[in-house]
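Work through the following exercises with the sequence and the three-dimensional view side by side. Try each task on your own before you read the solution beneath it.

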Amino acid sequence: MPKNKSHSGAGKRFKVTGSGKILREKAGKRHNLEKKPSKVTRRMSGTVELAKADVKRAKKMLGL
């Protein structure tokens, strides 16, 4: 069987923890920040765990 190539974009977007969970950045903190309340920009910062429905596809793209 040939090896599967991992998705290079997925490798930049997702991080795998030591326990095997997949983390992602929150969306919406790249532009138009002057118009957004500071409460919203704080809520968008940081990382969160990937939704359970998306884990299988993300693992396949990462080659896990």
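**Exercise 1. The chain as a whole**

Which pattern of α and β does the protein chain follow when it is read along the sequence? Once you have it, describe the overall dimensions of the chain.

Solution. Keep in mind from the start that this is a predicted model. Step one is to read along the sequence, where the protein chain follows the pattern α-β-β-α-β-α, and this agrees with a count of three helices and three strands. Step two is to look at the extent of the C-alpha trace, which spans about 50 × 20 × 20 Å along its principal axes. Step three is to set the radius of gyration against a reference: a compact globule of 64 residues would have a value near 11 Å, but the protein chain has 15 Å. Step four concerns burial, and here 16% of the 64 residues count as buried.

**Exercise 2. Building the sheet**

Work out how the strands β1, β2 and β3 are ordered in the sheet, and find which of them stand at the edges.

Solution. Begin with β1, residues 14-16, which runs antiparallel to β2 and is joined to β2 by three bridges. One of the residue pairs to find is valine 16 with its bridge partner isoleucine 22 in β2. The two strands β1 and β2 form a hairpin with five residues between them, and glycine 20 in the turn has a positive phi of about 100 degrees.

Next, turn to the other pairing of β2, where three bridges join β2 to strand β3, residues 47-49, again in an antiparallel arrangement. Here leucine 23 has glutamate 49 in β3 as its bridge partner, and arginine 24 stands opposite valine 48 in β3.

Putting these pairings together gives an open sheet of three strands in the order β1-β2-β3, with antiparallel pairing. Because β1 and β3 each have a single partner strand, they stand at the edges, and one side of each is left without a neighbour in the sheet. From one strand to the next, the twist averages 35 degrees.

**Exercise 3. An unusual backbone angle**

Where does asparagine 32 lie, and what is the sign of its phi?

Solution. First locate the residue: asparagine 32 is in the loop between β2 (22-25) and α2 (38-44). Then recall the general rule that most residues other than glycine have a negative phi. Against that background, asparagine 32 has a positive phi of about 55 degrees although it is not a glycine. Finally, consider its surroundings: asparagine 32 counts as partly exposed because its relative accessibility is 49%, and the cut-off for exposed is over 50%.

**Exercise 4. Buried or exposed?**

Decide whether threonine 41 and arginine 13 are buried or exposed, and list what each of them touches beyond its neighbours in sequence.

Solution. Take threonine 41 first, which has its place in helix α2. Its relative accessibility is 15%, so threonine 41 counts as buried, given that buried means under 20%. Leaving aside neighbours within four places in sequence, threonine 41 is in contact with Lys29, Leu33 and Lys36.

Now take arginine 13, which lies in helix α1, residues 8-13. With a relative accessibility of 58%, arginine 13 counts as exposed. Not counting residues up to four places away in sequence, arginine 13 touches Leu23, Arg24 and Glu25.

**Exercise 5. The core and the salt bridge**

Which residues make up the largest nonpolar core, and which residue forms a salt bridge with arginine 57?

Solution. The largest nonpolar core has six residues, namely Ala10, Phe14, Ile22, Leu50, Ala58 and Leu62. To see how one of these core members is placed, follow leucine 50, which is in contact with Phe14, Ile22, Arg24, Val55 and Ala58 when its neighbours within four places in sequence are left aside.

For the second part, note that the structure holds one salt bridge. Arginine 57 forms a salt bridge with aspartate 54, and the closest N and O atoms are 3.4 Å apart. To finish, check the accessibility of both partners: arginine 57 counts as exposed at 55%, whereas aspartate 54 is partly exposed, with a relative accessible area of 30%.

Key: Residues numbered from 1 in each chain as written. Predicted model: local features only at pLDDT ≥ 70, side-chain atom pairs only at ≥ 80, totals over all residues. Heavy atoms only, no water. Helix = DSSP H or I, 4+ residues; strand = E, 2+ residues; numbered from the N terminus. Buried < 20%, exposed > 50% of the residue type's maximum accessible area, 1.4 Å probe, protein only. Pairing = 2+ DSSP bridges. Axes fitted to C-alpha atoms, helices over the stretch in contact; angles between N-to-C directions. Salt bridge = Lys/Arg side-chain N within 4 Å of Asp/Glu carboxyl O. Core = buried A, V, L, I, M, F, W, Y, C linked by side-chain atoms within 4.5 Å. Contact = heavy atoms within 4.5 Å. Rg over C-alpha atoms; globule rule 2.2 N^0.38 Å.
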